[in-house]
Structure formats: structure tokens, C-alpha cells
Amino acid sequence: MADYEVKRKANIGSSSLILIFIVLCLATFGLLSLGNARGDELLSARNAAAVKAYYQADGQGEEFVRMVDQALREADREKDPSEAKKQVLEAVGDYYQEDSGRFLTDIPMDAGQALRVELTVDWQERSAQVASWKVYIQEEYEIDQSVRVWSGGE
């Protein structure tokens with residue numbers, strides 16, 4: 001009987017390789033997901049900061065509209081429009097643009113942006129209307145595309 005003994009080996013090589021491959025794939029996908037989640041977190045934090053800056057500037061813009069409107073309401077109704085205009089310009093004349101006939105302010109925000117608020121005025125009715133309320137790029141910027149090359153010296 002000793003001649004007919006068959007030695008059986010457990011063949012675990014191929015199943016181990018498949019298991020190792022599956023574990024490596026899962027680890028790789030897990031790290032990629034973690035990287036994407038971190039990027040999404042940074043993006044949402046920057047977006048939240050931009051929204052917060054906008055609404056702070058928006059609040060200041062509303063305050064500007066209130067200030068001009070209050071100056072117009074305090075102008076005497078009995079006076080003619082030119083006298084009322086002088087009275088209003090004494091209160092908030094720093095914001096008045098004579099060439100366009102509008103009240104204008106720029107409220108700075110983050111990243112070189114500003115909120116521009118323009119108001120048109122009806123001097124007969126002594127009322128102001130919003131003509132423009134927009135965010136624009138206030139600062140000109142250039143992207144530095146120069147490449148520093150070592151010339152062999154210090």
C-alpha cells in the first residue's frame with residue numbers, strides 16, 4: 001500500500017494571489033475616495049468663504065441704499081428739486097458721480113473682487129432706484145508663467 005499513497009497538497013497559490021489583488025484594489029479605491037473627499041471638503045470651504053464675503057458685501061450695499069434713501073427722505077419736500085439736491089449732496093455727496101448723475105459705491109470683497117452698487121435718483125419724487133448691483137474683478141492680475149532655469153552659477 002505504501003506504493004499507492006498519493007500525497008495531496010493544498011493548492012492555495014492562485015486563491016492567495018486573487019485575494020491579495022482584491023485587497024490591493026479595495027485599498028486603492030479607498031485612498032482615491034479619501035482624496036476626493038478631501039478635495040470636496042476644501043472646495044466647499046472655499047465656496048462657503050466666498051458666499052460669506054458676498055453676503056457681507058451685500059449687507060453693506062443694502063446699508064448704502066438705506067443711507068441714500070434716508071438722505072432723500074430728509075430733504076425738504078417743499079424745496080425745489082435743485083435745493084433738495086444740494087441738501088442731499090451735503091449728506092452723501094462723496095458717492096455722487098456728477099457725469100452719470102448716479103450714486104455709486106464699490107464694496108471690496110475677497111480675491112480682488114468688489115460689489116458695485118449704482119443708484120439712479122428721481123429728484124422730483126426724491127426716490128432712488130437700483131440701476132446696477134454686480135460683482136466684478138477689481139484688480140488686474142497676471143499669471144506668472146516664467147520658468148526659472150539654472151544657468152550654472154549661483
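This is a short talk on a predicted model, covering its sheet, its aromatic pairs, its salt bridges and one buried aspartate.

Hi everyone, thanks for coming. Let's start with the sheet, since several later residues sit in it.

In what order do the strands of the open sheet run? The order is 1-2-3-4, with antiparallel pairing across the 4 strands. At the edges stand strand 1 and strand 4, the latter being residues 127-137. Each has a single partner strand, so one side of each is left without a neighbour in the sheet.

Now let's walk through the pairings. Strand 2, residues 102-108, is antiparallel to strand 3, and 7 bridges hold this pairing. If you want a landmark there, find Ile 107, whose bridge partner in strand 3 is Leu 115. These two strands make a hairpin with 4 residues between them. In that turn, Ala 111 has a positive phi of about 60°.

Moving along, strand 3 covers residues 113-122 and is joined to strand 4 by 10 bridges, again antiparallel. Two landmarks help here. Ala 114 faces Tyr 136 of strand 4 as its opposite residue, and Val 117 has Trp 133 as its bridge partner in strand 4. Please remember Trp 133, as we will come back to that residue. Strand 3 and strand 4 also form a hairpin, again with 4 residues between the strands, and there Arg 126 takes a positive phi near 55°.

One general reminder while you have the sheet on screen: in a regular strand, side chains alternate between the two faces of the sheet.

Next, the aromatics. How many aromatic pairs does a search of the whole structure find? There are 5. One of them is Phe 64 with Tyr 95, an edge-to-face pair with 5.1 Å centre to centre and 65° between the planes. This pair links distant parts of the chain, 31 residues apart. Phe 64 belongs to helix 1, while Tyr 95 is in the loop between helix 2 (81-92) and strand 1 (96-97).

Are the two rings' residues buried or exposed? Phe 64 counts as buried because its relative accessibility is 4%, and the cut-off for buried is under 20%. Tyr 95, at 30%, counts as partly exposed. There is also an aromatic cluster, made up of Tyr 96, Phe 103 and Trp 123.

On to charges. The model has 7 salt bridges, and I'll show you three of those.

The first example stays inside helix 2. Glu 83 and Lys 86 meet through their side chains at 4.0 Å, N to O. They are 3 residues apart, about one turn of the helix. Glu 83 is partly exposed, with 35% relative accessible area, whereas Lys 86 is exposed, at 53%.

The second example is Glu 98 with Lys 85, a salt bridge of 3.9 Å, N to O. Here the pair links distant parts of the chain: Glu 98 is in the loop between strand 1 and strand 2, and Lys 85 is in helix 2, 13 residues apart. Glu 98 counts as exposed at 56% relative accessibility, and Lys 85 as partly exposed at 23%.

The third example takes us back to the sheet. Glu 118 bridges to Arg 102, and their closest N and O atoms are 3.1 Å apart. Glu 118 lies in strand 3 and Arg 102 in strand 2, so the pair ties together parts that are 16 residues apart in sequence. Glu 118 counts as buried, at 17% relative accessibility, while Arg 102 is partly exposed, at 28%.

That brings me to the last residue, Asp 58. It lies in helix 1, which spans residues 13-74. Asp 58 is buried yet has no salt bridge. Which side chain of opposite charge is nearest to Asp 58, and how far away? That is Arg 66, at 13 Å.

So what does the side chain of Asp 58 make a polar contact with? The partner is the side chain of Trp 133, at 3.2 Å. This is the Trp 133 I asked you to remember, the bridge partner of Val 117. Setting aside neighbours within four places in sequence, Asp 58 is in contact with Leu 115 and Trp 133. Leu 115 came up earlier too, as the bridge partner of Ile 107.

That's my tour. Happy to take questions!

Methods:
Residues numbered from 1 in each chain as written. Predicted model: local features only at pLDDT ≥ 70, side-chain atom pairs only at ≥ 80, totals over all residues. Heavy atoms only, no water. Buried < 20%, exposed > 50% of the residue type's maximum accessible area, 1.4 Å probe, protein only. Lys, Arg positive; Asp, Glu negative; His and termini not counted. Polar contact = N/O pair within 3.5 Å; in protein donor to acceptor, adjacent residues only side chain to side chain. Contact = heavy atoms within 4.5 Å. Phe/Tyr/Trp six-rings, centres within 6.5 Å; stacked < 30°, edge-to-face > 60°. Pairing = 2+ DSSP bridges.
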